[in-house]
Amino acid sequence: MSSAGTVPTERQRLRDTDLDRASLERWLARTWTTPRGLVGALSAVDHKVIARRYLLTAFAFLCLGGLSAVAMRIQLSGPERGLIGPDLYNQLFTMHGVTMMFLFAVPIVQATGVYLVPLMVGTRNMAFPRLTAFSFWIYLSGGLFAWVSFALNMGPDIGWFGYVPLSGPEFGPGKRADVWAQMITYTEVSSLAVAVATIVTIFKQRAPGLSLDRIPLYVWAMLVTSFVVVFAMPAVMIASTFLILDRLVGTHIFNPAEGGDTLLFQHLFWFFGHPEVYIIFLPATGMVSAIIPAFARRPMFGYLALVLSLIAVGILSFGLWVHHMFATGLPKLGASFFTASSMLIALPNGLQIFCWLATLWEGRPVMKTPLLFVFGFFFIFVAGGLTGVMLASVPLDLQVHDTYFVVAHFHYVLIGGSVFPLLGAAYFWFPKLTGRMMSERLGRWHFWLAFIGFNAAFFPMHIVGLQGMPRRVYTYPSELGWGNINLFITVGAVAFFLSFVLFAANLLRSASKGEPAGDNPWSAGTLEWATASPPPSYNFARIPVVTHREPLWADRETLPVASGLRVDVRELLISTIAEAKPDIREKSATPSIWPLFAAIAVGGTFLYSIFTPWAVIWGALPIAVALIGWFWPKGSPEDEE
């Protein structure tokens, strides 16, 4: 038997079967721990380290997006206020939209998946860990690029959708539209990288026995979401690239005077834009499906129906993008088709809600803060879904198009459908990240302040929208009588913002002074609770073997484990796609600084390209150098056999 201090030769190939538990954990920690120091931190490829960085960065952008919303609401709290001029207001509502959609909502749900998916499928790291590290650096640089541009009065002012011709060379002089277009490309490259790594992790790195009909519903949600990302994101990258070409190279892809088509931009954007809603919503439903069984004390009702609903929503999300374009003058047959498809997606979503309610009805619910946010999600998302069915009808859509009724609808859907489950998930999985519990008392105060503040802010927007108040205006005349209701909305928005201040205070306090959590404080049944809180760098000392959908409920004493993996190198167990039978062993990438250098080279090329198209040529050289360093082969005796 080897001891922790003994260095084996290459031919020894030290395996977990050669060690007792204490020696095994010391060897694994030595092999998998992120190196110390600045270079070690910048070269980290541990999925937990990358995910924590993602989560903190997304939360910082949430604060910036929230502050911009509060600034807009103060401007609109009374008629003809002069606190913010029209130019700054245009930048504010654009930065609010792009921040919340591209820099907060999508990154934070993907970051949650980066942290949880490897733990929930019983593996030691993401597939392609260096690609995951690269995605974070690209995301960070894209977000900083957008907000530094805003600070320099170069922030985009064309809305988060950047419609042409407003964003085209004729009506969008300067660099503001270019900043929007390149920021889109930054974030979509990042999202695509995470999606590819997530798909491969779920398909090929599951623990033995974790067949497709046993994987947690949250993992199913992340799998479907990742496929939606892969098919949807290229559309908006094409739209933003075409826009850059029109602006910088002089093409006329969106210029009807030269044979181009402005509506092509909207088609490309919304072919991405509507699935984007479900890229945010589907992981949130997975979080709900993880929280409810833990607090209802019973397995989820209708597992197969929920999986099929997730797949159906993912597919149908691509079939309703044109309902964003009813006001462009569609043929009646096309309008009828997209009305029907828009209403059809309510069926699988409704089925999921009935399965969740049935689980709670047949269980013994324990009312804790995560479950409170799930109940808040039920109320707000159903209300948003009802107005969604209304907007799917062409006559009503034409009446309220570009009014605050639409603003109210999509905030009910996006915040109710994703942010409330996300907050519940934060309270649910915080003990796993930190090893400490969040304050239950502060959590309940947080929920009620958020729930009341949200509804006070956004429900009256339905009313003022039906009265005809347009969106994207920086002020309105006093004789229209919208002053009092807008003041009420602003008070609600400030209360909603303060609820996040309370949440941040709870996070900071609990991270240092919270009650110790233990490995499984909720007595949940999925694999992430089978390891320590917070998990060690190697996740599991021995890879678990799964015999049930809730393995910790089926094997309450000790999980069966697989053995035979090497501990002196980063080795993963690769399994078959359907049944998760052990297939081969494969080495996981070690820490590397090259993903950071590659992100700097790619980011510099994107940034420089808004000034000259030659940046694409000159930028290719540092990108090539970074990629060569990244993929430079390093042989080992085992590789050569």
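This tour moves from the whole chain to one helix and then to four loop positions in a predicted model.

**The whole chain**

Begin with the entire protein chain in cartoon view. It contains 20 helices and two strands. Along the principal axes, the C-alpha atoms fill a box of roughly 85 × 60 × 50 Å. A compact globule of 641 residues would have a radius of gyration near 26 Å, and the protein chain, at 25 Å, agrees with that expectation.

Next, colour the chain by contacts. Among contacts with a separation of 6 or more, 79% join residues that are 24 or more positions apart. Buried residues account for 57% of the 641 residues.

Switch to a surface display. The protein chain exposes about 25800 Å², of which carbon and sulfur atoms supply 68%. Then select the charged side chains: 42 are positive and 37 are negative, and the centres of the two sets lie 8 Å apart.

**Helix α5**

Select residues 129-151, which form helix α5. At 1.5 Å a residue, its 23 residues should span 33 Å; the end C-alpha atoms are 33 Å apart, so the expected and modelled spans agree. Is this helix mostly covered or mostly uncovered? Helix α5 is mostly covered, with 17 of its 23 residues buried.

Move just past the end of α5 to Asn153, which takes a positive phi of about 60°.

**Two cis peptide bonds**

Continue into the loop between α5 and α6 (176-204), where Pro165 is found. Val164 and Pro165 are joined by a cis peptide bond, with omega of about 5°.

Now select Ser533 and Pro534. A cis peptide bond joins this pair as well, with omega of about -5°. Pro534 is placed in the loop between α16 (483-513) and α17 (551-554).

**Two residues with positive phi**

Select Asp402, in the loop between α13 (394-400) and α14 (404-434). Asp402 is not a glycine, yet its phi is positive, at about 60°. Is Asp402 buried, partly exposed or exposed? Its relative accessibility is 28%; because buried means under 20% and exposed means over 50%, Asp402 counts as partly exposed.

Finish at Arg472, which is found in the loop between α15 (440-466) and α16. Arg472 also has a positive phi of about 60° without being a glycine. With a relative accessibility of 29%, Arg472 counts as partly exposed.

Terms used:
Residues are numbered from 1 along each chain as its sequence is written. This is a predicted model: local features need pLDDT of at least 70, side-chain atom pairs count only at pLDDT 80 or more; totals for chains, interfaces and linings use all residues. Side-chain values use heavy atoms; hydrogens and water are left out. Helices (H or I, at least four residues) and strands (E, at least two) are DSSP runs, numbered from the N terminus. The radius of gyration is taken over C-alpha atoms; the globule rule is 2.2 Å times the number of residues to the power 0.38. Buried means under 20% relative accessible area, exposed over 50%, partly exposed in between (1.4 Å probe, protein chains only). Contact means heavy atoms within 4.5 Å. Accessible areas come from the Shrake-Rupley method with a 1.4 Å probe; for residues, only the protein chains shown count as cover. Lys and Arg count as positive and Asp and Glu as negative; His and the chain ends are not counted. The place of a charge is taken as NZ of Lys, CZ of Arg, CG of Asp or CD of Glu. The expected span of a helix is 1.5 Å times one less than its number of residues.
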